[in-house]
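I wanted to know what holds this fold together, so I opened the model and started poking around. These are my notes.

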Amino acid sequence: MKTKKTNNGTSTPRVNVITLGCSKNIHDSEILMGQLRGNQMEVVHEADNIHENDIVVINTCGFIDNAKQESIDTILQYSALKDEGKLDKVIVTGCLSERYKPELETEIPNIDAYFGTNDLQQLLTSVGADYKHELLGERMLTTPSHYAYFKIAEGCNRPCSFCAIPLMRGKHVSKPIADLVKEAKYLAKNGTKELILIAQDLTYYGLDLYGKRNLADLLRNLSDVEGIEWIRLQYAYPSGFPMDILDVMNERSNICNYLDMPLQHISDNMLKSMRRGITKQKTIDLVDAIRQKVPNIALRTTLICGYPGETEQDFAEMMEWVENTRFDRLGCFTYSHEEKTHAHSLEDDISQEEKESRVEQIMELQQGISYEINQAKVGNTYKVLIDRMEEGYFVGRTEYDSPEVDNEVLIPANTGYTSVGRFAHVHVDRAEDFDLYGTIKS
């Protein structure tokens, strides 16, 4: 069905939401779609088919160059379809339009409206919908229903020199615990078993509302929600890390032994220039302390290669540290020179080719580490959440893995029965660099 008929026989538009960028954008699109559906509007996510009555809302990313280019290309694609009369309206929202609205209005003027990251009410009004406060916590999930990205705060107060997030998302604003618990109960009632906690900085949670870092208290409250079997922490900041969340991790069986902490670099020269608020030794001590407190924790980090002034010695220091630390999961990115950030005043003095070479070296090193860590899992049995069926395999994750970015467990579908969205106990029979293969234990 492409359009709905109203009582008087006229067609009402379908809203097609396109989401680009990170999990925080996925969350925002889901809230938007929940509001649209609450207004009795037909709403779809990234529909392949288009219709001349469609309103397309593009939720953009403006974080780094590649993401910005993807957003611009997508806007141009739907702008052309509008010009050809193949859809009715195109509306742009999200980080790119928050950051570059005047430039976009000049360069791509046939877009019907540009909105920023905090303009949900205005966006709804522009498509003939009202913002409904009673829908607090209600969303239209784009992920499989058994897991959901769960945003506990907006914005960021950190001064990192390379990051444009505060320009697009503003200062840190925590959501009240009561509201988050209500949202978690709504999700659990509708079949969600795993909450993936996200924010620009989880560890800052509560300072603005409660006068203290209050992530541990939030975790206890969410852990009590019936039906939530896994709670996962992503985007923890190392400086001022609240160690009490590790106590809760040990206390509560439904809080995954998993922590995503983007550390970005290890050289003191780089950490200082990046304005990270932490030193090499303090970083090493923190990782050691976390592993001491939760011995079987899976630590994920992300790193930046090619930041202005990164010498061969700085990079060698990072390579040595990665080798010694043996992170369970690791991602690595090339530095992107972003205007209006503090680092933009520095010379972007490392070639793209060299940046990519350094990323490749880090990831090759991590591949070997991941292989060795995975080999040690062979013969063990793990609780696995099944995400999907694919090419004769059930594909799932252990508590040590987040969707899209981490390892997966592949189970031949003919070796035992389970289904998508269920947990299974899986015996690991063999392992590769980033995947485990196993069979279901009865």
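My entries below go through salt bridges, a loop, aromatic rings, the cores and one glutamate.

**Entry 1: what I am looking at**
I am working from a predicted model, not an experimental structure.

**Entry 2: salt bridges**
I searched the whole structure for salt bridges and got 32. I started with Lys68 and Glu339, whose closest N and O atoms are 3.1 Å apart. I checked where the two partners sit: Lys68 is in helix H2 (residues 65-83), while Glu339 is in the loop between strand S15 (329-334) and helix H13 (352-375), so this bridge ties together parts that are 271 residues apart in sequence. Is Lys68 buried or exposed? Lys68 comes out buried, with a relative accessible area of 8%. The cut-off for buried is under 20%, so Glu339 at 30% relative accessibility misses it and counts as partly exposed.

Next I looked at Glu338. Glu338 makes a salt bridge with Arg99, with 2.8 Å between the closest N and O atoms. Glu338 is in the loop between S15 and H13 and Arg99 is in helix H3 (residues 95-107), so here the pair joins parts 239 residues apart in sequence. Glu338 and Arg99 are both buried.

I also pulled up Glu154 and Lys151. Their side chains form a salt bridge at 2.8 Å, N to O, and both residues are buried. I followed the links outward and found a salt-bridge network made of Asp28, Lys151, Glu154 and Arg169.

**Entry 3: His337**
I stayed in the loop between S15 and H13, since His337 is there too. What does the side chain of His337 reach? The backbone oxygen of Leu346 is 3.2 Å from the His337 side chain. I also noted a polar contact of 2.7 Å between the side chains of His337 and Tyr335. Setting aside neighbours within four places in sequence, I listed the contacts of His337 as Pro308, Ala343, His344, Leu346 and Asp348.

**Entry 4: aromatic rings**
How many aromatic pairs are there? I counted seven. Tyr147 and Tyr149 make one of them, an edge-to-face pair with 6.2 Å between centres and 85° between planes. Tyr147 and Tyr149 are both buried.

Then I checked Tyr393 and Tyr437. Their ring centres are 6.1 Å apart and their planes meet at 75°, so I filed this pair as edge-to-face. Tyr393 belongs to strand S17 (residues 393-397) and Tyr437 to strand S20 (residues 435-440), so the pair ties together parts 44 residues apart in sequence. I looked up both accessibilities: Tyr393 is partly exposed, with a relative accessible area of 26%, and Tyr437 is buried at 13%.

I also looked for charges over rings. Arg397 sits over the face of Tyr147, 5.2 Å from the ring centre. Lys383 does so over Phe423, at 4.4 Å from the ring centre.

**Entry 5: nonpolar cores**
I turned to the nonpolar cores next. As background, nonpolar side chains in soluble globular proteins tend to be buried together. Which residues touch the most other members of the largest nonpolar core? Out of 55 residues, I got Ile152 and Leu197. Helix H6 (residues 177-189) gives the most to this core, with six residues. I noted a second, separate core as well, with 19 residues including Leu385, Ile386, Phe394 and Tyr400.

I went back to Ile152 to see what surrounds this residue. Not counting residues up to four places away in sequence, Ile152 touches Ser174, Lys175, Leu180, Leu197, Ile198, Ala199, Leu202, Tyr205, Leu215 and Leu218.

**Entry 6: Glu46**
My last stop was Glu46, in the loop between strand S4 (42-45) and strand S5 (55-60). Glu46 is partly exposed, at 37% relative accessible area. Beyond its neighbours within four places in sequence, Glu46 is in contact with Asn16, Val17, Ile18 and Thr19. I checked Asn16 by C-alpha position: Glu46 and Asn16 are 6.1 Å apart in space and 30 residues apart in sequence. For Thr19, I found the backbone nitrogen 3.1 Å from a polar atom of the Glu46 side chain.

Methods: Residues numbered from 1 in each chain as written. Predicted model: local features only at pLDDT ≥ 70, side-chain atom pairs only at ≥ 80, totals over all residues. Heavy atoms only, no water. Phe/Tyr/Trp six-rings, centres within 6.5 Å; stacked < 30°, edge-to-face > 60°. Buried < 20%, exposed > 50% of the residue type's maximum accessible area, 1.4 Å probe, protein only. Helix = DSSP H or I, 4+ residues; strand = E, 2+ residues; numbered from the N terminus. Lys NZ or Arg CZ within 6 Å of the ring centre and 35° of its normal. Contact = heavy atoms within 4.5 Å. Polar contact = N/O pair within 3.5 Å; in protein donor to acceptor, adjacent residues only side chain to side chain. Core = buried A, V, L, I, M, F, W, Y, C linked by side-chain atoms within 4.5 Å. Salt bridge = Lys/Arg side-chain N within 4 Å of Asp/Glu carboxyl O.
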